[in-house]
Amino acid sequence: MAQLYYRYSTMNAGKSIELIKVAYNYEERGKNVLALIPAVDDRYGRGVITSRIGVQREAIVVNDDTDILELFIRENEKRKIDCVLIDECQFLKKKQVLELVEIVDSFEVPVLAYGLKNDFRNEMFEGSYYMLLYADKIEEIKTICWCGRKATMVARVVDGRIIREGRQVLVGGNDLYVSLCRKHYNDGRIGPDR
């Protein structure tokens, strides 16, 4: 039975490499994967899922107004889709999460969505909130803080200091964000000497 999987973590935990690995495993067995990425994440180019270790794969770009169910049906008519994979699912809208639910429930196709749970202010993203509500399976991909504890927070860092105000979506990587444990997120320490 197909299910909707939500695999979340902080930054630098390996979400994108996990997605790429799953896609490879399906395709190695002759299965067709529909890989998606929200348009807002264009750090490595449009339509490219990229792991920080340098592995990439192409994906279809999803805008805020993209009907994912319609996109799936169109692609499924061209070739039978065996699995839907989406990176950076925190950027999805509620409507799009419900479309993923429909793909699972009506077409019996598994959907694996990877993304952040909370933003730099420790507030939920819209996509993450609805993934937590509707996912059949919720799995945490773990990474660690500089101190060795489990990282559960994402801090936005400007000029070596954590900032807690600003717009929710500002796409960046290690230049702008650091994953921290709750203690160091709260006390503002981004490293042993800072």
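In this predicted model, the chain carries 30 positive and 30 negative charges, and the mean positions of these two sets lie 7 Å apart. The exposed surface of the chain comes to about 9,900 Å², of which carbon and sulfur atoms supply 46%.

Turning to the overall fold, the chain forms five helices and eleven strands. Its radius of gyration is 17 Å, close to the 16 Å given by the globule rule for 194 residues, so the chain is as compact as a globular protein of that length. Along the principal axes, the C-alpha atoms fill a box of roughly 55 × 30 × 30 Å. Of the 194 residues in the chain, 48% are buried, and among the contacts with a separation of 6 or more, 74% join residues that are 24 or more positions apart.

Two helices illustrate how buried residues are placed within this fold.

| Helix | Residues | Buried residues |
|---|---|---|
| H2 | 68-78 | Ile68, Leu71, Phe72 and Glu75 |
| H4 | 126-134 | Gly127, Ser128, Tyr130 and Met131 |

The buried residues of H2, namely Ile68, Leu71, Phe72 and Glu75, cover an arc of only 100 degrees around the helix axis, which puts them on the same side of H2. These buried residues of H2 pack against strand S2 (33-38), strand S5 (60-62), strand S6 (83-86) and helix H3.

For H4, the buried residues Gly127, Ser128, Tyr130 and Met131 belong to the set that packs against strand S1 (4-8), helix H3 (94-107) and strand S7 (111-115). Helix H3 is thus a packing partner of the buried residues of H2 and also of those of H4.

Definitions and conventions
Residues numbered from 1 in each chain as written. Predicted model: local features only at pLDDT ≥ 70, side-chain atom pairs only at ≥ 80, totals over all residues. Heavy atoms only, no water. Helix = DSSP H or I, 4+ residues; strand = E, 2+ residues; numbered from the N terminus. Rg over C-alpha atoms; globule rule 2.2 N^0.38 Å. Buried < 20%, exposed > 50% of the residue type's maximum accessible area, 1.4 Å probe, protein only. Contact = heavy atoms within 4.5 Å. Areas by Shrake-Rupley, 256 points an atom, 1.4 Å probe, with all protein chains shown as cover. Lys, Arg positive; Asp, Glu negative; His and termini not counted. Charge placed at Lys NZ, Arg CZ, Asp CG, Glu CD. Arc of directions from axis to C-beta.
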